[in-house]
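Please open the model in your viewer and keep the sequence panel visible. The tour below proceeds by selection, each stop stating what to pick and what is found there.

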Amino acid sequence: MPHPGTCATVGSVEFTAHQDQMALQRLRDQGGFSGDRIADCALATLYASGSDWLKVVVEKCDLQQSNLAGTRIRESTFANSALRKARLRAARMERVELYFCDLNELDGSELSARRVKVHGCEAMNAVFSGAQIAVTRFEDTKLYGARFDGALLVRAVFLDSRMGGASMEKTDFSAARLIDVSLRAANLMGASFAGATLVGVDFSEAVLDGANFRGAAAIGCRFPPGFNP
């Protein structure tokens with residue numbers, strides 16, 4: 001037992017189905033999660049703005065429409081979880097992995113993401129406007145209609161091993177800055193790069209039918225044979 005007037009340090013905790021309220025209490029008491037595992041919990045519309053998540057594993061959880069704005073998430077994994085319409089505006093993510101998650105219509109505006117891996121997810125109509133994304137991989141992830149307008153992407157890779165290239169139809173990169181980004185073989189039909197700055201971007205074998213490069217500056221980029229942006 002701790003001495004009177006002292007606080008006990010709470011170690012990592014595992015929360016499973018029907019322990020939603022316990023997980024919420026942990027979030028309130030600790031200002032986030034640290035080393036915890038949260039599985040099969042219904043946490044839709046969770047309010048966790050400004051919280052701190054460190055070395056957390058989130059699996060098969062419902063976090064739809066949750067407010068995670070300004071949240072700091074580090075060295076954590078999300079798997080088979082629903083984050084549809086979740087708010088991650090101005091959140092900071094570092095060394096985070098997301099596997100087979102529903103990220104459709106997610107609001108990641110002004111998100112700061114570094115060393116993040118997104119695999120097997122759906123992020124259709126997701127918003128990453130003004131985000132700063134570095135050393136990040138989007139693998140086998142559907143990005144139809146996603147928005148990266150005004151974003152800064154450095155050493156990012158978009159690929160799909162099943163389809164030969166990422167599914168990115170009508171994705172919006174207008175006024176974005178892409179540096180050393182791989183969009184090789186990506187389906188970019190109807191995508192917009194209007195006013196974008198493109199440095200060392202690999203568009204080899206990409207489908208660019210109807211793509212808009214009006215006002216874009218392309219430096220050291222690779223395009224399919226015969227394509228003139």
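Select Asp202 first: its relative accessible area is 8%, so it is buried (buried means under 20% relative accessible area, exposed over 50%, and partly exposed in between, with a 1.4 Å probe and protein chains only). This is a predicted model, in which local features need pLDDT of at least 70 and side-chain atom pairs count only at pLDDT 80 or more, while totals for chains, interfaces and linings use all residues. Residues are numbered from 1 along each chain as its sequence is written, and side-chain values use heavy atoms, with hydrogens and water left out.

Now add Arg184 to the selection. The side chains of Asp202 and Arg184 meet in a salt bridge, at 3.6 Å from N to O; the term denotes a side-chain nitrogen of Lys or Arg within 4 Å of a carboxyl oxygen of Asp or Glu. Asp202 lies in the loop between β13 (197-199) and β14, and Arg184 in the loop between β12 (177-179) and β13, so the pair ties together parts that are 18 residues apart in sequence. Helices (H or I, at least four residues) and strands (E, at least two) are DSSP runs, numbered from the N terminus. Arg184 is partly exposed, at 38% relative accessibility. Extend the selection to Glu205 and Arg222: salt bridges that share partners join Arg184, Asp202, Glu205 and Arg222 into one network.

Two further pairs merit a view. Glu139 and Arg137 meet through their side chains in a salt bridge of 2.6 Å, N to O. Glu139 is buried at 10% relative accessibility, whereas Arg137 is partly exposed at 36%. Next, select Asp149 and Arg147, which form a salt bridge with their closest N and O atoms 3.3 Å apart. Asp149 counts as buried, at 17%, and Arg147 as partly exposed, at 36%. The count of salt bridges by this rule comes to 15.

Which residues does Phe203 touch, leaving aside those up to four places away in sequence? They are Leu183, Leu188, Phe193, Leu198, Leu208, Phe213, Arg222, Phe223 and Pro224, where contact means heavy atoms within 4.5 Å. Phe203 is also one of the residues that touch the most other members of the largest nonpolar core, which has 67 residues; the others are Trp53, Leu98, Phe148, Phe158, Leu183, Phe193 and no more. Elements giving two or more residues to this core are α1, β8 (92-99), β9 (112-119), β10 (132-139) and β11 (152-159). A nonpolar core is a set of buried Ala, Val, Leu, Ile, Met, Phe, Trp, Tyr and Cys residues joined through side-chain atoms within 4.5 Å.

Proceed to helix α1, residues 20-30. Its buried residues are Asp20, Ala23, Leu24, Arg26 and Leu27. They lie on the same side of α1, because they cover an arc of only 155 degrees around the axis, the arc being that of the directions from the helix axis to the C-beta atoms. An α-helix has 3.6 residues a turn, so residues three or four places apart point the same way. On the other side of α1, select Gln21, Arg28 and Asp29, which are exposed. The cover over the buried residues of α1 includes β1 (14-15), β2 (32-34) and β4 (52-54). Just after α1, Gly31 has a positive phi of about 75 degrees.

Positive phi values also occur at residues other than glycine. Select Glu105, in the loop between β8 and β9, where phi is positive at about 60 degrees. Glu105 is partly exposed, with a relative accessible area of 38%. Not counting residues up to four places away in sequence, Glu105 touches Arg84, Lys85, Met124, Asn125 and Ala126. Then select Val135 in strand β10; phi there is positive, near 50 degrees. Val135 is buried, with a relative accessible area of 19%.

Finish at the surface. Ile179, Val199 and Ile219 form a nonpolar patch with about 220 Å² of accessible area together. Patches are made of residues with over 30% relative accessible area and no salt bridge, with like charges joined within 9 Å and nonpolar side chains (Val, Leu, Ile, Met, Phe, Trp, Tyr) within 5 Å; accessible areas come from the Shrake-Rupley method with a 1.4 Å probe, and for residues only the protein chains shown count as cover. Within this patch, pick Ile219, which belongs to strand β14 (residues 217-219) and is exposed, with a relative accessible area of 51%.
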